[in-house]
Amino acid sequence: MSADTFTTAMFLITAVIAAGVLISAIFPVVYQMSGTFTAAGHASDQQIRTNMQIVLDVANQSNYVRVWIKNTGSVRIPVANIQQSDVFCGDAGNFNRMSLSTTGTLGNGQWSYTLTNPSTPNSWNPGDTLEIDAYTTTINSSDPVYFQFVLPNGISTSDQFTVSTTP
């Protein structure tokens, strides 16, 4: 009788220790996975709610391009994200990735931006319009101009248009 009690007690102690080891091994993995799923869910939510549309685009024979883009999504886009965005511009089939001008004057292959009537400073809010100026020598007045704006989260908008021949 005491041998059975001793054996049962040993099995119970072993089971408790095994459960403790199992929990201590699994809990950090589950905790890490929940953080990963939360971050991925947040990123997906931001992408789904981000949208923008080119309202108007013009280019002149002096190689200047101006594009107005409206935030048609439901999220605020911080100015830092605008500054990290990619702009591609030039002749369709001969366009380049442009760099952001930090001086306010545009050199070849550079772009700058202005938030027109921002409802909140330092962010591009839903309904606000972003004005982008670009300068590139790859524009030929007889070919269509290609323009693409890509946010850091991969959401993009693009358009092709012709060069205005009126002064």
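Asn-63 is buried, with a relative accessible area of 15%, because a residue counts as buried when this value is under 20%. The model examined here is a predicted one. Within it, Asn-63 sits in the loop that joins β1 to β2. The backbone at Asn-63 also deserves a look: phi is near 75 degrees, a positive value in a residue other than glycine. The two strands on either side of this loop form a hairpin, with four residues between them.

Asn-122 makes a helpful companion to this first example. Here, too, phi is positive in a residue other than glycine, with a value near 65 degrees. Asn-122 belongs to the loop between β6 (110-116) and β7 (123-124). Its relative accessibility is 63%, so Asn-122 counts as exposed, the cut-off for that label being over 50%.

From the β1-β2 hairpin, the view can be widened to the sheet. Eight strands make up an open sheet with mixed pairing, and their order is β1-β2-β8-β6-β5-β4-β9-β10. The edges are taken by β1 (52-59) and β10 (156-161); each has a single partner strand, so one side of each is left without a neighbour in the sheet. From one strand to the next, the twist averages 25 degrees.

Individual pairings can then be followed along this order. β1 and β2 run in the antiparallel sense and are joined over seven bridges. Within this pair, Leu-56 is placed opposite Trp-68 of β2. On its other side in the strand order, β2 is followed by β8. Strand β8 covers residues 129-135 and pairs with β2 in the antiparallel sense, over seven bridges. One of the contacts here links Val-65 to its bridge partner in β8, Ala-134.

Strand β2 (residues 64-71) also shows two distinct faces. Val-65, Val-67, Ile-69 and Asn-71 form the covered face, while Tyr-64, Arg-66, Trp-68 and Lys-70 form the uncovered one. The two β2 residues met above can now be placed: Val-65 is on the covered face and Trp-68 on the uncovered face.

Further along the sheet, strand β4 (residues 86-91) pairs with strand β5 (residues 94-100). This pairing is antiparallel and extends over five bridges. Gly-90 stands opposite Phe-95 of β5.

The helical part of the model comes next. An unreviewed UniProt entry places a "transmembrane region" at residues 6-31. In the model this span is 100% helix and 0% strand, and its end C-alpha atoms lie 37 Å apart. A nonpolar patch appears on the surface, formed by Phe-6, Met-10, Ile-13, Ile-17 and Val-21. Together these five residues have about 510 Å² of accessible area.

Ile-13, one of the patch residues, lies in helix α1, which comprises residues 2-49. At 49% relative accessibility, Ile-13 counts as partly exposed. The reason is that this label applies between the limits of under 20% for buried and over 50% for exposed. Helix α1 also contains His-42. With 49% relative accessibility, His-42 likewise counts as partly exposed. A distance along the chain completes the picture: the C-alpha atoms of His-42 and Ile-23 are 28 Å apart, and 19 residues separate the two along the chain.

Conventions:
Residues numbered from 1 in each chain as written. Predicted model: local features only at pLDDT ≥ 70, side-chain atom pairs only at ≥ 80, totals over all residues. Heavy atoms only, no water. UniProt positions renumbered as here; feature names shortened; annotations may be inferred. Pairing = 2+ DSSP bridges. Axes fitted to C-alpha atoms, helices over the stretch in contact; angles between N-to-C directions. Patch = residues over 30% accessible without salt bridge, like charges linked within 9 Å, V, L, I, M, F, W, Y side chains within 5 Å. Areas by Shrake-Rupley, 256 points an atom, 1.4 Å probe, with all protein chains shown as cover. Salt bridge = Lys/Arg side-chain N within 4 Å of Asp/Glu carboxyl O. Buried < 20%, exposed > 50% of the residue type's maximum accessible area, 1.4 Å probe, protein only.
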